[in-house]
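Good morning, colleagues. Please have the sequence and the coordinates open while I speak.

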Amino acid sequence: MGTFAFLRKKSLVGDAVAHALLPGVVLAFMLFGQKSLWVLFPGALIAGWLSLLSIEAITTYSRIKSDTAIAIVLSVFFAIGIVLLTHIQQGQYGNQSGLDAFLFGKAAAMLPRDIYLFFAVDTVIIFLVLLFYPYLKLYAFDPEYASSVGLPVKWLSFLLSTLTVLAVATGIQAVGVVLMAALIITPAAAARFLAGRLSQMLVWALIFGMTGAVGGVLISYSAPSMPTGPWIVVLLSIMAILTFIFAPGKGLYNRYLIRSGHQKKITDENIVKALYHLSNRGGKKRVSITELTASRRFEGSKLEAGIKRLLKNNLIQRTGNKIELTEKGFQEGARVVRLHRLWELYLNVRMNIAEDHVHHDAEAIEHIITPKLEAELIKELNYPVTDPHESEIPGIYQNRSND
Amino acid sequence: MTDFWIIATGTLVAVNCGLIGVFLILRRMAMVGDAISHAVLPGIVAAYLISNSRNSLIMLLGAAVFGMLTTFLIELFYKRARLQADASIGITFTWLFAIGVIMVSLFSGNVDLDQDCVLYGDIAYVPFDLIYYNESNLGPAPFWLQSGNLLAVLGLIIFGYRGLFITSFDESFARGLGISTGSWHYALMAAVSVTVVLSFNAVGAILVVAFLVVPPAAAYLISKSLHAMILLTSLFGAISAIGGFYLADWWSSSISAGMAVAAGIIFVIVFLFTAFRNAVWRKTHRKSFEKYELAD
């Protein structure tokens, strides 16, 4: 059931379909007078289909936006369903109690016969997805391209909506109207953070969906008063939130690590650069913290942490309360300054930017340029000696002699 | 008299929700209204457990807190975790609603909140929820609550008209003028939460959405200014409340659902009307265009 990661930008449509199934179910019950799923299921399908069509119609034939259209269809269809349901509760249709299960979901109340039906429908869904996988994939990512290469986009959209309606109709008995939306959206959203490809995303969504379902069922078995559906959803959401935070690559925590790593690198390089400038200018190598901050503004706590890291990496050494660059640190400072001046020169010569406008840009880019790019720059600028401000670019002369 | 109170309360609910809904639609946040209406459930249950009554200040506070929490979570998922907007809405409200349902079944022994009430409210019992002052009957409590809410909503719209107007139509322009878009956003969301909670008893969690979205959407189709849209919304809301009552009466069904269906009927009529009008407009224009070409 969790396979419907496809729905990407239309995830709330699933919610609408879930609500809209109600009138179909109730009408089917009214017409045939029985609660068998074999009767109710087609009713649900037709209603779900109608709801999708109405959303389409409203968005194409008026200026109403899709989110409003979804909300309208959802609430009005649902209201019709409630009207019908309360109408039959007034009497003449006899026993209708099982219909409530469609609203809140009673996974435990399902009969073996019903499960066979769901099993069959699920098999059909999976089969169809596998069969049309390449086309669906193309359609899901870029419908305009799909139509331009001659795929029958209308049919694909039809297929996709039918599959959605089918999936929603099977799930609704288990978890109920409202929470069905979660089964569609949550596993797919979580999977999005773990997977780079559609096929991986489908697999992850399946894993999430199944874990959530099994966990929910276990909880409702162990504590008798616990409802299954809501627990499935809560478990799914918790898993999803954990993936948002901890997923490698796109997760929040990982992005935070990368960002703070960058910031640390920038602080360190700036400290080394400031020390390099100080030691080059007056020939004075030992610097106190006050002198350092006088030459360049640092944030106190960041500076402290940066100095600690640099000491650990043997880039600077400390005597008393003064610090100085080690040989390794001196090289590093020269490298940063070289990159800075190279970039200034490049901007000035190749981009025709005035030499008093290039400093800021270089200040940012000096932390990003890779050794390979550096070599390219040097070659491109024909082994320059001075930057636009007539300062020497350190380290190039040696490079040339090495070649 | 019973009918009168039901219709009056229903009308007030419809007008309140509609007025708020106007701004939700203009901000393309219709589904956020849906999300809030579901997500206040845990707040309502928690407040109910604390205070043991349904019409209390704590209840309002609890729900308002959860309403704000919902908007906050949606923003968080959207901005920080870079999730799509619709997915973040979907995850947030299903999660909170699931927690709410679990709480209901966990404490079902001592909570007088049943699932039917959550679903479609019990506006039919409104006339029996009377308040008395010095032994004289002042009418049902929900009616007065809704009147108070109407005053609050009207106050927000009248005094905040400029801010709401500008922030709804052009956020960056509003920011340029120095209007705090964020605080208007949260003010509106708080209004949505409070209105949803107050209407919750009467119409239930899901049908609130119908009242929030459908009348303003119909008004949106045929109005050319925000003024007209607000007035038409109130009119449509009132008509659907009255019409819905008699529809439900005639067909012996849930009254609140009947009102929502009536709102849906109004929408369909307006929708068909505008679609038809547009088609005619296009046709006549094509004709005059062809004439022009021939004369040329």
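I shall begin with confidence and overall make-up, then turn to nonpolar cores, one buried residue, an aromatic pair and the salt bridges.

What we have here is a predicted model. The predictor assigns the complex an ipTM of 0.74 and a pTM of 0.68. For chain B the mean pLDDT is 73, with 74% of its residues at 70 or more. Confidence is not uniform along that chain: among its elements, helix α6 of chain B, residues 115-120, has the lowest mean pLDDT, 52, and helix α11 of chain B, residues 226-251, has the highest, 81. As a general caution, where pLDDT is low, the predicted coordinates should not be read in detail.

Let me now describe chain B as a whole. Its secondary structure consists of twelve helices and two strands. Read from the N terminus, the order is α-α-α-α-α-α-β-β-α-α-α-α-α-α. Chain B has 296 residues, and buried residues account for 57% of them. Its accessible surface is about 13200 Å², and carbon and sulfur atoms contribute 66% of that area. Turning to contacts within chain B, if one takes those between residues at least 6 apart in sequence, 72% join residues at least 24 apart.

Next, the nonpolar cores. Which residues of the largest nonpolar core touch the most other members? In this core of 83 residues, they are I64(A) and I72(A) from chain A, together with L212(B), V213(B) and F267(B) from chain B. The element that gives the most to this core is helix α10 of chain B, residues 181-222, with 20 residues. There is also a second, separate core of 22 residues, and its members include L183(A), A190(A), I232(A) and W95(B).

L212(B) merits a closer look. Setting aside neighbours within four places in sequence, L212(B) is in contact with C17(B), I20(B), G21(B), L24(B), G33(B) and V196(B).

A further residue of chain B to inspect is T92(B), which lies in helix α5 of chain B, residues 85-106. Is T92(B) buried or exposed? With a relative accessible area of 0%, T92(B) is buried. Beyond its neighbours within four places in sequence, T92(B) is in contact with T70(B), L73(B), I74(B) and F77(B).

I come now to the aromatic side chains. Over all chains, the count is three aromatic pairs. One of them joins F245(B) and Y246(B), with 5.2 Å centre to centre and 85° between the planes, an edge-to-face arrangement. The two partners can also be described by their accessibility. F245(B) is buried, at 3% relative accessibility, whereas Y246(B) is partly exposed, at 46%.

The last topic is charge. In general, side chains of opposite charge can pair when their charged atoms come close. How many salt bridges does a search of the whole structure find? Over all chains, the search finds six. I shall discuss three examples from chain A.

The first example is E269(A) with K265(A), at 3.9 Å from N to O. Both residues belong to helix α12 of chain A, residues 252-281, and because they are four residues apart there, about one helical turn separates them. E269(A) is buried, with a relative accessible area of 4%, while K265(A) is partly exposed, at 39%.

The next example is K273(A) with E366(A), where the N to O distance is 2.7 Å. Why does this salt bridge tie together parts that are 93 residues apart in sequence? K273(A) lies in helix α12 of chain A, but E366(A) lies in the loop between α16 (359-365) and α17 (371-380) of chain A, so the pair links those parts. K273(A) is buried at 4% relative accessibility, and E366(A) is buried as well, with a relative accessible area of 1%.

The final example is E332(A) with R335(A), at 3.2 Å from N to O. These two are three residues apart in helix α15 of chain A, residues 327-350, so they too are separated by about one helical turn. R335(A) is partly exposed, with a relative accessible area of 23%.

Two of these examples belong together: K265(A), E269(A), E332(A) and R335(A) are linked in a network of salt bridges. Thank you for your attention.

Conventions. Residues numbered from 1 in each chain as written. Chains lettered and ligands numbered in written order. Predicted model: local features only at pLDDT ≥ 70, side-chain atom pairs only at ≥ 80, totals over all residues. Heavy atoms only, no water. Core = buried A, V, L, I, M, F, W, Y, C linked by side-chain atoms within 4.5 Å. Buried < 20%, exposed > 50% of the residue type's maximum accessible area, 1.4 Å probe, protein only. Contact = heavy atoms within 4.5 Å. Phe/Tyr/Trp six-rings, centres within 6.5 Å; stacked < 30°, edge-to-face > 60°. Areas by Shrake-Rupley, 256 points an atom, 1.4 Å probe, with all protein chains shown as cover. Salt bridge = Lys/Arg side-chain N within 4 Å of Asp/Glu carboxyl O. pLDDT = per-residue confidence, 0-100.
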